[in-house]
Amino acid sequence: MRRIAVFCCLLLLIGCQQPKGDSSLILWYEQPADRWNEALPVGNGRLGAMVFGLTATERVQLNEESLWSGKPINSNNPASLKYLKEVQGLILEGKILEATALAEEHMVGTPPRVRSYQTLGDLWLEFGESPCSHYRRELDLNTGICRVTYEIEGVDYTREVLASAPNNLVAVHLKASKKGALSLKVSLTREKDALTRAEGDGLIMTGQVVDLDDALRGPGGGHMKFEARLKAVHKGGTIRTEDNALVVENADELTLLVTAATDYNLEKLNFDRSIDPGDICGKIIESSGNKTFKNIKKLHTREYQSLFNRVSLELGKSANADMPTDKRLQAVKDGAYDPQLITLYFQFGRYLLMGSSRAPGVLPANLQGVWCQDFMAPWGSDYHTNINLQMNYWPAEVCNLSETVIPLSRFLEQLQGPGSVTAREMYGARGWTLHHLTDVFGRTSVMDGIWGLFPMGGPWMTFALYEHFAFTGDLTYLRELAYPIMKGSAEFVLDFLIRDNEGQWVTAPSNSPENRYVMPGTGQRFDMTYAATIDLQIITELFNNCIHSADCLGIDKDFTDTLKAVLSELPSVKVSEKTGGIQEWVNDYDETEPGHRHMSHLVGLHPGTQITPSTPDLYEAAKQTIARRLEKGGGHTGWSRAWIINFYARLGDGKNALHHVNELLSKSTLPNLFDDHPPFQIDGNFGGTAGIAEMLLQSHGGEITLLPALPADWENGRVSGLRARGGAEIDIEWQNGQLHRVKIHSLTGQPLIVRYQGKTAELPLKAGESIVLNEELERR
């Protein structure tokens with residue numbers, strides 16, 4: 001990799017710029033990024049960029065959502081179905097050691113690993129080294145634009161970077177306060193598998209991922225093809241080519257339009273040689289090449305704000321509001337309370353979801369959203385489906401970004417293909433499923449090892465589809481997309497279930513993701529069991545969602561009758577006699593890690609709907625489960641901490657929910673507000689944003705509950721634009737810790753029940769009708 005000049009600027013702290021105007025939705029810094037985790041992200045759902053803000057040699061790291069190494073592989077173990085019944089029998093007999101050995105040999109995928117999402121490369125802007133002053137780097141969430149400003153020898157320099165969804169590109173604009181003051185070298189690079197050439201006023205980087213043979217990841221070869229294109233538009237000065245780069249001299253302004261494409265085809269879950277990435281890039285650049293940056297920026301801002309401005313949040317003023325973001329974050333780590341930083345974090349989560357999962361993109365947000373600088377990323381930056389991909393979409397509906405669920409829905413639609421092969425070849429079942437991870441090529445077999453034998457990954461992934469319907473009331477979406485996927489998942493579960501020794505329907509093999517238990521008497525540690533609590537909760541949620549959906553569509557009565565009958569014969573969720581918490585496995589085993597990051601046996605509390613005040617024994621046991629996990633060191637990863645916020649919100653415990661919001665900020669947040677697993681994983685950002693919304697509004701119990709977990713520290717505030725199930729948009733204002741005013745706007749005309757502190761109001765609103773209520777839930 002090209003060395004980045006260390007001496008980028010001499011910062012004059014006294015003259016450093018302060019925030020202008022309302023900075024509540026601006027991340028800003030007094031220095032460039034030293035590391036990738038300090039750079040600022042922009043994204044349009046398909047393309048991503050990380051802006052470092054360096055003044056000598058700027059780096060803008062680039063991504064395209066589908067650029068992966070690897071290719072489709074049917075890695076279902078061909079012996080799985082042959083040995084399935086034997087494995088199940090051994091499990092039910094309590095012979096877990098023998099069952100594990102048999103499953104490891106005959107059920108784990110071959111090969112057992114996926115490859116990785118990869119960086120597209122880097123855009124470099126070489127200015128030369130000069131001392132600078134009045135430096136400021138910012139990401140303005142009001143506009144989705146990253147901006148860098150500084151002064152050199154009396155000249156003010158401004159650099160803006162945005163990722164435009166309407167124009168399907170990344171735009172970089174540079175200008176100076178003095179005519180002819182812009183001189184720089186522009187280049188596109190990638191460490192491997194690509195070459196760049198300069199043509200006229202542009203750069204073209206073409207490449208093909210070349211993988212090496214890997215016993216764990218499959219055969220090598222020339223795989224996905226890709227291209228990136230850059231077009232330079234200058235005002236004043238000159239542009240010439242030099243060594244496959246562009247040299248700009250004495251310009252007044254410069255705009256760089258960058259786009260990229262691969263030959264990936266979602267409908268095939270594969271690269272497709274009939275797709276020409278160069279042709280795609282050429283058309284995008286051609287359609288935008290004659291537009292001024294002013295026009296591109298205006299169109300971007302209008303489209304961006306049409307989504308982002310739907311939700312506003314105020315939680316009170318902060319004493320540190322005028323400090324740079326990294327210093328504010330450090331102050332929180334040192335014990336400061338900063339409600340406006342919480343608001344910024346909340347809106348930053350919405351911003352990241354908009355930037356990594358919407359048109360023009362076609363793929364869901366992965367473990368790093370769409371931002372990745374590696375060729376072999378941590379966990380491949382894949383789609384982990386035992387909590388992480390699910391968590392990515394928790395804020396989508398309640399935070400009024402319903403569109404972001406469509407790429408996930410379309411991806412799951414295509415996964416039914418390989419997922420049905422896995423269901424048939426591994427389990428002899430109808431329908432479809434996947435295990436604990438997948439990739440853009442649709443891997444659905446058991447990956448990584450025996451602990452990845454989690455066939456409930458597919459059923460759990462359907463929750464987001466049902467939620468989209470529950471929030472929007474979109475019957476067309478339900479009928480044509482969501483319900484067929486959900487039904488196929490339920491069909492798999494029906495065929496996968498077996499009778500246990502007590503005649504109940506159970507899953508086998510089963511595990512509680514990534515946690516292990518201790519076998520009494522032997523001290524042996526195992527993943528494998530039958531009827532883990534998470535399985536029972538996932539199945540209950542899926543079947544109930546199918547039953548309600550089929551009823552809404554007026555179809556499949558015989559099918560839903562079958563689901564109801566099976567539900568009545570599932571084992572019940574139990575309370576542990578040892579701990580007083582929810583029992584994680586079918587037997588009351590001890591855990592090998594009592595403080596484990598996964599809390600899978602609480603899926604029924606969140607995101608599920610089965611553990612509520614109407615199930616008081618389980619509700620109290622859930623509190624004990626969380627308390628014990630935390631006492632033993634749990635919540636130590638970003639996403640795990642975010643999940644805890646959602647748990648406490650569901651428990652109506654605003655004090656503890658806020659405590660863990662602050663813990664998320666102080667222990668698991670990087671300087672650019674990315675979530676820190678560690679390393680960076682975006683799920684914690686999304687889970688944290690969802691948890692903050694869950695503290696203010698809930699609607700999972702057939703009622704819209706206002707301020708269900710409002711902490712005392714949020715004494716006065718307001719939120720507007722949150723969405724509720726039943727198709728409602730909600731604005732809430734509270735004073736002195738109590739509801740002051742709520743506006744409810746019906747989008748679907750469904751009857752609504754609103755609850756606040758024991759009071760309820762039934763609202764038979766028509767679609768498009770609004771009502772304003774006071775603290776007594778009476779019409780104002």
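Biologist: Which residue in E12 is the bridge partner of Ala 198?

Modeller: In this predicted model, Ala 198 has Leu 203 of E12 as its bridge partner. That pair belongs to a wider contact, since strand E11 (residues 194-199) and E12 run antiparallel and are joined by six bridges.

Biologist: Which residue takes a positive phi in the hairpin of E11 and E12?

Modeller: Gly 200 does, with a phi near 60°. Two residues lie between the strands of this hairpin.

Biologist: How many bridges join E12 to strand E13?

Modeller: Nine bridges link E12 to E13 (residues 221-235), and these two strands also run antiparallel. One pair to inspect is Val 210 with its partner in E13, Gly 222.

Biologist: Is strand E12 mostly covered or uncovered?

Modeller: The general idea is that side chains in a regular strand alternate between the two faces of the sheet. In the present case, E12 (residues 202-211) is mostly covered, with seven of its ten residues buried.

Biologist: Let us turn to internal space. How many cavities of 30 Å³ or more does the structure hold?

Modeller: There are seven. The largest has a volume of about 60 Å³; its lining includes Ala 531, Leu 536, Lys 574 and Trp 585. By class, that lining comprises six nonpolar residues, three polar and one charged.

Biologist: Which residues lie nearest the centre of the second largest cavity?

Modeller: They are Gly 70, Lys 71, Ile 73, Arg 115 and Arg 217, from a lining of 13 residues. The second largest cavity holds about 60 Å³ of space, and its lining divides into four nonpolar, four polar and five charged residues.

Conventions. Residues are numbered from 1 along each chain as its sequence is written. This is a predicted model: local features need pLDDT of at least 70, side-chain atom pairs count only at pLDDT 80 or more; totals for chains, interfaces and linings use all residues. Side-chain values use heavy atoms; hydrogens and water are left out. On a 1 Å grid over the protein atoms alone, a cavity is a set of points where a 1.4 Å probe fits but cannot get out, and a pocket is an open set with protein on both sides within 12 Å along at least five of seven lines; lining residues have an atom within 4 Å of a point. Grid points are joined across faces, edges and corners, and a volume is the space filled by probe spheres set on the points. Ala, Val, Leu, Ile, Met, Phe, Trp, Tyr, Cys and Pro count as nonpolar, Asp, Glu, Lys and Arg as charged, and the others, Gly among them, as polar. Buried means under 20% relative accessible area, exposed over 50%, partly exposed in between (1.4 Å probe, protein chains only). Helices (H or I, at least four residues) and strands (E, at least two) are DSSP runs, numbered from the N terminus. Two strands pair if DSSP finds at least two bridges between them.
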